[in-house]
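Hi,

Here is the structure I promised to pass along. Please have a look at it first, and then read my notes underneath.

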Amino acid sequence: MLIAKVIGSLWSTRKDEKLNGWKFMIVRELEADGVTEKESFVAADNAGSGIGDIVLVTLGAAARISAENLNTPIDAMIVGVIDSIDTAG
């Protein structure tokens, strides 16, 4: 799983039918400190996140399991909104 920040949303009217009904967000991966930014990517949202939220993202098969359909063409899924991050050091 990854820690990421939601930086935008994405709309697509033409897409694979299996993606109908999914909300897509643009997220930027963060380091464990929750501050240092890395690459950005698109993730389906299964947690009701919004722009500015820090979120937990699963990738690959774990993302499709969250979609409850292994045939859904999703490789990143927001599965939780993070309330706080506490690291030792």
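Below is what I found, going from the overall fold down to single residues.

First, the ground rules. This is a predicted model, in which local features need pLDDT of at least 70, side-chain atom pairs count only at pLDDT 80 or more, and totals for chains, interfaces and linings use all residues. Residues are numbered from 1 along each chain as its sequence is written, and side-chain values use heavy atoms, with hydrogens and water left out.

**Overall fold**

The protein has one helix and five strands, where helices (H or I, at least four residues) and strands (E, at least two) are DSSP runs numbered from the N terminus. Along the sequence they follow the pattern β-β-β-β-α-β. The radius of gyration is 13 Å, close to the 12 Å from the globule rule for 89 residues, so the protein is as compact as a globular protein of that length. That radius is taken over C-alpha atoms, and the rule is 2.2 Å times the number of residues to the power 0.38. Along the principal axes, the C-alpha atoms fill a box of roughly 45 × 25 × 20 Å.

**The barrel**

The five strands close into a barrel in the order β1-β2-β3-β5-β4, with mixed pairing; two strands pair if DSSP finds at least two bridges between them. Strand β1 (residues 2–10) has seven bridges to β2 (residues 23–30), running antiparallel, and here Lys5 stands opposite Arg28. On its other pairing, β1 is joined to β4 (residues 54–59) by four bridges, also antiparallel, with Ile3 opposite Leu56. Strand β4 in turn pairs with β5 (residues 76–81) through five antiparallel bridges, where Thr58 faces Met77.

**Two residues to look at**

Is Glu29, in strand β2, buried or exposed? Because its relative accessibility is 17%, Glu29 counts as buried; the cut-offs are under 20% for buried, over 50% for exposed and partly exposed in between (1.4 Å probe, protein chains only). Beyond its neighbours within four places in sequence, Glu29 has contacts (heavy atoms within 4.5 Å) that include Leu2, Ile3, Ala4, Thr36 and Phe41.

Val35 lies in the loop between β2 and β3 (37–45), and Val35 counts as exposed because its relative accessibility is 61%. The C-alpha atoms of Val35 and Ser12 are separated by 29 Å, with their positions 23 residues apart along the chain.

Happy to talk it through whenever suits you.

Best wishes
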